[in-house]
Amino acid sequence: MQLHTYFRSSAAYRVRIALALKGIAWDPAYIHLLKDGGQQKAAAYRAVNPQGLVPTLVDGDAVIPQSLAILEYLEERYPMPALLPADPTARARARSMALAIVADLHPLNNLRVLTYLRGPLGQGEEAVKAWIAHWTEEGFAALEQMVDGPDFCIGGAVSFADLCLVPQMFNARRFGVDLTPYPKLVAIDAHCQTLAAFQGAAPGRQGDAE
């Protein structure tokens with residue numbers, strides 16, 4: 001199994017956590033999102049993933065882009081340990097929280113959006129930081145009300161929601177977002193960071209980390 005990844009990609013980070021929790025061996029294919037004008041834009045990588053995004057999982061003949069689709073694939077192909085609750089309502093809640101991050105929050109502060117703000121739209125760094133803070137705060141304010149805590153987003157076990165939250169907390173700190181208003185999110189993140197799978201998947205522990 002091979003994962004096309006970039007150490008600082010929060011989407012790839014989610015998948016790395018899942019692979020570690022499930023004990024699945026994988027080989028990294030590093031795609032640097034800044035070097036060479038962005039290696040994700042190269043024709044060779046576009047042949048693998050036409051969107052030119054990371055991550056992409058390659059498992060035999062299966063080539064799967066999009067982090068949440070990869071998580072679902074891993075959950076179905078390697079069901080234990082489970083990363084979704086058994087109860088249907090709880091499963092839906094976990095997916096809802098994951099989607100609140102993956103579909104609503106993260107896309108507004110990923111690299112290609114920020115590059116467009118800085119480039120064609122001519123926005124300075126203060127405006128870009130304000131953009132990041134606004135959308136992160138709006139997303140986290142809702143999540144603070146949605147999660148259970150104190151250790152995990154849903155009940156007493158790790159789920160897709162935690163896999164998505166922890167990388168987004170990393171992003172928020174990287175961009176200097178004040179996390180004081182979100183004590184439940186901070187506590188969940190802190191607990192997850194005590195687990196070996198989360199530690200090993202962290203950006204600074206990757207082979208392409210800078």
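Glu72 sits in helix α3, and that makes a handy place to start on this predicted model. From there we can walk through the salt bridges, then helix α1, then the biggest pocket. Six salt bridges turn up in total, and three of them are covered below.

**Around Glu72**

- Which residues does Glu72 touch, once its neighbours within four places in sequence are left aside? The contacts are Leu84, Arg95 and Phe160.
- One of those contacts is also a salt bridge: the side chains of Glu72 and Arg95 pair up at 2.8 Å, N to O.
- That pairing ties together distant parts of the chain, with Glu72 in α3 and Arg95 in helix α4 (residues 88–105), 23 residues apart.
- Is Arg95 buried, exposed or in between? Arg95 has a relative accessible area of 29%, so it counts as partly exposed, since that label covers the range from 20% to 50%.
- Lys22 is 50 residues away from Glu72 along the chain, and their C-alpha atoms are 13 Å apart.

**Two other salt bridges**

- Lys22 has its own partner in Glu75, with their side chains meeting in a salt bridge at 2.9 Å, N to O.
- Here too the pair links distant parts of the chain: Lys22 is in the loop between α1 (10–21) and β2 (27–30), while Glu75 belongs to helix α3 (residues 67–77), and their positions lie 53 residues apart in the numbering.
- Both ends of this bridge, Lys22 and Glu75, are buried.
- Arg93 and Asp148 form another salt bridge through their side chains, at 3.1 Å, N to O.
- Arg93 is in helix α4 and Asp148 is in the loop between α6 (125–146) and α7 (160–174), so to speak a link between distant parts of the chain, 55 residues apart.
- Arg93 comes out as partly exposed at 30% relative accessibility, and Asp148 is partly exposed as well, with a relative accessible area of 34%.

**Helix α1**

- How does the length of α1 fit what you'd expect for a helix? At 1.5 Å a residue, its 12 residues should span 16 Å, and the end C-alpha atoms are 17 Å apart, which agrees.
- Of those 12 residues, 10 are buried, so α1 is largely enclosed by the rest of the structure.
- The buried ones include Tyr13, Arg14 and Arg16, along with Ser10, Val15 and Leu19.
- What covers the buried residues of α1? The cover includes β1 (2–5), α3, α4, α7 and α9 (196–201).
- After α1 comes Gly23, with a positive phi near 65°.

**The largest pocket**

- The largest pocket has a volume of about 880 Å³.
- Its lining is made up of 35 residues, and the closest to the centre are Leu33, Leu53, Asn110, Leu111 and Arg112.
- Three elements, α1, α5 (111–118) and α7, each give two or more residues to that lining.
- Which element gives the most to the lining? That is α5, with five residues.
- By class, the lining of the largest pocket splits into 13 nonpolar, 15 polar and seven charged residues.

Definitions and conventions. Residues are numbered from 1 along each chain as its sequence is written. This is a predicted model: local features need pLDDT of at least 70, side-chain atom pairs count only at pLDDT 80 or more; totals for chains, interfaces and linings use all residues. Side-chain values use heavy atoms; hydrogens and water are left out. A salt bridge is a side-chain nitrogen of Lys or Arg within 4 Å of a carboxyl oxygen of Asp or Glu. Helices (H or I, at least four residues) and strands (E, at least two) are DSSP runs, numbered from the N terminus. Buried means under 20% relative accessible area, exposed over 50%, partly exposed in between (1.4 Å probe, protein chains only). On a 1 Å grid over the protein atoms alone, a cavity is a set of points where a 1.4 Å probe fits but cannot get out, and a pocket is an open set with protein on both sides within 12 Å along at least five of seven lines; lining residues have an atom within 4 Å of a point. Grid points are joined across faces, edges and corners, and a volume is the space filled by probe spheres set on the points. Ala, Val, Leu, Ile, Met, Phe, Trp, Tyr, Cys and Pro count as nonpolar, Asp, Glu, Lys and Arg as charged, and the others, Gly among them, as polar. Contact means heavy atoms within 4.5 Å. The expected span of a helix is 1.5 Å times one less than its number of residues.
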